[in-house]
Amino acid sequence: MIILRDMSIFWAMFHVIFLFVMLFRSRFTKKKTIIASAIGMGILMILNGAGLVIFGIDVLSKMFLFTCSIPSFLFFYLMSADKRFRFLLTFCLADTICLWIMAVTSLLDYYLGGGQFILMFVSRLVAYPLIEYLMWRYLRKPYMELQEAVEKGWGIFAGMTILYYILLVVTVQYPVNIVERPEDTFLCVLVLVLMLFNYATIFAALYRQLLLYRKQQGERILMEQKNTLEAQLDNQQRIRRMKHDMKAHTVMLSGLLTKGKTKEAQEYLKGVEEEMDSMLGQFCSNPYIDAVLTQYYQKLQELGADCRFDIQIGDIEIHYMELCQIISNSLENVCNALQGLAIDKRKMSVKMKYSRNYLMIRIRNRCRDGYYVDKGTIPATDKEGLDHGYGLLTVRDAARRLGGDMVCYTENGNFVLDVMVSCRSFPGR
């Protein structure tokens, strides 16, 4: 019956790889990730299989950390989009779950199955697909969302997971397998039960972070909708005022023309035209984008900031809801950043222009001394500095909905936010 034990080991090795791939974020496409994982882990499984045949299960189980865990860690680390603690937590999580199942099924087989490996084989055959279904059904989506949204706080959870992984390996395998140490069975059971509570604590804490992130996102969306509706109301009020004023302008022009004062009438029309231009849009012709820009321009003026706006978006129909989200969140961060600087350092600029099939947005502002953001990263919120925070996640999500993306970084004492959205996503394109 030893063949059943060996088959169950390879079954477990296959599923620990599958479980990890299901939870981690690769920097390659799905197809490339699957092919690379199949080749790399296939070679590793063959080598471990040869080691099992040559050295036996007792020797291989003690060397498992070096023959499987560390090589697979290095292999997937090179493929992962996440580095440091997020990757470490995901890797150890998958390994620990699979080792936990192996330990439990070994004990069940020894005490209930007579050590014939039949119960071990059957229970592992069922347990791994079951745990993968539960992970896919209830954990994968929020866990992936959490990895995407939360930048900090992963270190303590990764540390706890590493310690429990080592504890489990030592408890089950050293100095010999737990089934050969009946006197340590109770200690092993306590460790296995404790791990359930440990992971329940980790997932509860991570889920609370996810709920907090969702709440903040929801509050921002509601605020943006409020600002958009106010901008729409303000635009309607402007139009009503223009219609009302046009009656007075018509009376004045009629009086001038009746008296033959053509030159005066032309000058008056020129003044009316300038007034209408200023009412239709200070920065651009789109009333919603213009309302957001105007609102934040006033806030920046109150801060005494040196503002430069270069808006070249023309009359093309655009998705103003997402663009308002991008602009309002970005300029809110600018206001927060400039507020903590001396007045003579409060400088910012906004540029919007088309480049081929994309609308390019660049927002630049001075930031505090020593503040650094590398390209490709999103700075987490800092309540002491409030340079930039969760609003950048909203900017990135809105840009991606429009077929684009964003990147932020610091350069020569300035924080720079570059946003690119596809014009093909605009109505009529």
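In this predicted model, Gly403 takes a positive phi of about 75° just after helix 11. Helix 11 spans residues 391-401, and 8 of its 11 residues are buried, so this helix is largely enclosed by the rest of the structure. The buried set consists of Gly391, Leu392, Leu393, Thr394, Val395, Arg396, Ala398 and Ala399. Arg400 is partly exposed, with a relative accessible area of 42%. Its side chain forms a salt bridge with Asp405, with 3.5 Å between the closest N and O atoms. Asp405 is partly exposed as well, at 31% relative accessibility.

Val419 touches Asp405 and Met406. Further contacts of Val419 include Val395 and Ala399, both among the buried residues of helix 11. Ile326, Leu359, Met360 and Ile361 complete the list, which leaves out residues up to four places away in sequence. Val419 also belongs to the largest nonpolar core, a set of 105 residues. Within this core, Val419, Ile289, Leu323, Ile326 and Leu331 touch the most other members. Helix 4 (residues 85-112) gives the most to the core, with 13 residues.

Helix 4 also holds Asp109. This aspartate is buried yet has no salt bridge. The nearest side chain of opposite charge belongs to Arg124, 8.3 Å away; the cut-off for a salt bridge is 4 Å. Beyond four places in sequence, Asp109 touches Gly114, Gly115, Gln116, Phe117, Ile118, Leu119 and Met120.

The count of salt bridges comes to 9. One of them joins the side chains of Arg25 and Asp82, at 2.5 Å from N to O. Arg25 lies in the loop between helix 1 (2-23) and helix 2 (30-55), and Asp82 in the loop between helix 3 (57-79) and helix 4, so the pair ties together parts that are 57 residues apart in sequence. Both partners are buried: Arg25 has 18% relative accessibility, and Asp82 has 2%. Arg86 is linked with Arg25 and Asp82 in a network of salt bridges.

A salt bridge also forms between Lys299 and Glu332, whose closest N and O atoms are 3.2 Å apart. This pair links distant parts of the chain, 33 residues apart. Lys299 sits in helix 9 (residues 287-302), Glu332 in helix 10 (residues 320-339). Lys299 counts as partly exposed, at 29% relative accessibility. Glu332 is likewise partly exposed, at 24%.

Conventions. Residues numbered from 1 in each chain as written. Predicted model: local features only at pLDDT ≥ 70, side-chain atom pairs only at ≥ 80, totals over all residues. Heavy atoms only, no water. Buried < 20%, exposed > 50% of the residue type's maximum accessible area, 1.4 Å probe, protein only. Helix = DSSP H or I, 4+ residues; strand = E, 2+ residues; numbered from the N terminus. Core = buried A, V, L, I, M, F, W, Y, C linked by side-chain atoms within 4.5 Å. Contact = heavy atoms within 4.5 Å. Lys, Arg positive; Asp, Glu negative; His and termini not counted.
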